[in-house]
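User: I am new to this structure and would like to know what the descriptive words rest on. Please take me through the reasoning.

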Amino acid sequence: MHHALCNVIEPVFEGLFIPDSFANRPGRGTHLALDRLQSLARRYRYVLLLDIVKHFPSIDHGILLETLGRHLTDARLLALAGHIVASGDGVLDQEYQMVWFPGDDLLAACRPRGLPIGNLTSQFWSNCYLHPLDQFVTRGLGCRTYLRYVDDMALFSDSKAELWAWKDAIVQRLAGLRLTVHAETAQVAPVCAGIPWLGFVVYPTHRRVKRRKVVQATRRLTHAFDAWRAGRISFAEFDASVQGWINHVRYADSWGLRETVLGRFVW
């Protein structure tokens, strides 16, 4: 049902989404997002990174349905969407900490919110929910150096002051969507220092895999290797783990890293 619903509504919104929104869209994805980020890092001196606090637990059902209703005219389609959206009410309550916005009364705490992260519709509706923000940044602020992957955002400029001004404007616009950003990670930094993005650190000239990701992968592959040696899994299963990791890190400058990590497995 989720796939069928997305098959109907996706073409409507695909014609509206900005080109530089890369998550959960046909023909885009992680690796194109990395390419685009690096191309901008080669052209501008500074980057502003923003990410949303508890994005999926914070998505407000009323705002989401209002956004869908502006572009979908079929009442039965909207009713079905509303039924699926309502099923997420309270699912992620334990992960959400109440945030009060200007104009709120005590009933604001009772607003239905939250989308189950694993649902196909949730991934797609995340883009629908943030579509007004994308339009605000690219049209309202006139920023042509903005890209987004789910709730991670990057903006580029040669002016620190311009980026800080954009940051303040985005925070205010997000408040209208009942969302907030992580204040401690909202930073303007020189691109030459490296940009942490989707598991990599991206420089204008090269890319590295995040150290934390390397540690996690080493532990996971070691566990799989030991399981194969003990006969708990087949070699094909172990090899699939290795090939999956290689396919991920090959989008960084990682030849030496691959030799180091895989060289620990003695045959």
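Analyst: This is a predicted model. Start with cysteine 143, whose sulfur lies 20 Å from the closest cysteine sulfur, that of cysteine 192.

User: Why is cysteine 143 not bonded to cysteine 192?

Analyst: A disulfide needs two cysteine sulfur atoms within 2.5 Å. The 20 Å between the sulfurs of cysteine 143 and cysteine 192 is too far for a bond.

User: What keeps cysteine 6 from bonding to cysteine 128?

Analyst: The sulfur of cysteine 128 is the closest cysteine sulfur to that of cysteine 6, but at 8.3 Å it is too far for a bond. Searching the whole structure gives zero disulfides.

User: Why are cysteine 6 and cysteine 143 called buried?

Analyst: Buried means a relative accessible area under 20%. Cysteine 6 has 5% and cysteine 143 has 1%, so both count as buried.

User: What makes phenylalanine 225 and tryptophan 228 an aromatic pair, and why is the pair called tilted?

Analyst: Ring centres must lie within 6.5 Å to pair, and tilted covers the angles that are neither under 30 degrees nor over 60. For phenylalanine 225 and tryptophan 228 the centres are 5.9 Å apart and the planes are at 50°. They therefore pair, and the pair is tilted. The structure holds ten aromatic pairs.

User: Where do phenylalanine 225 and tryptophan 228 lie?

Analyst: Both are in helix α8 (residues 211-229), three residues apart, which is about one turn of the helix. Together with Phe235, Phe238 and Phe265, they form one aromatic cluster.

User: Are phenylalanine 225 and tryptophan 228 buried or partly exposed?

Analyst: Phenylalanine 225, at a relative accessible area of 6%, is buried. Tryptophan 228 has 25%. Partly exposed lies between 20% and 50%, so tryptophan 228 is partly exposed.

User: How do you know that strand β1 is largely enclosed by the rest of the structure?

Analyst: Six of the six residues of β1 (residues 46-51) are buried, so the strand is largely enclosed. In a regular strand, side chains alternate between the two faces of the sheet. In β1, Tyr46, Leu48 and Leu50 are buried on one side, and Val47, Leu49 and Asp51 are buried on the other, so that both faces are covered.

User: What makes β1 a partner of β3 and of β4?

Analyst: Two strands pair if there are at least two bridges between them. Six bridges join β1 to β3 (residues 152-157), and four join β1 to β4 (residues 187-190), so both count as pairings. β1 runs antiparallel to β3 and also pairs with β4 in the antiparallel sense. Leucine 49 stands opposite alanine 154 in β3, while leucine 48 stands opposite valine 188 in β4.

Key:
Residues numbered from 1 in each chain as written. Predicted model: local features only at pLDDT ≥ 70, side-chain atom pairs only at ≥ 80, totals over all residues. Heavy atoms only, no water. Buried < 20%, exposed > 50% of the residue type's maximum accessible area, 1.4 Å probe, protein only. Phe/Tyr/Trp six-rings, centres within 6.5 Å; stacked < 30°, edge-to-face > 60°. Helix = DSSP H or I, 4+ residues; strand = E, 2+ residues; numbered from the N terminus.
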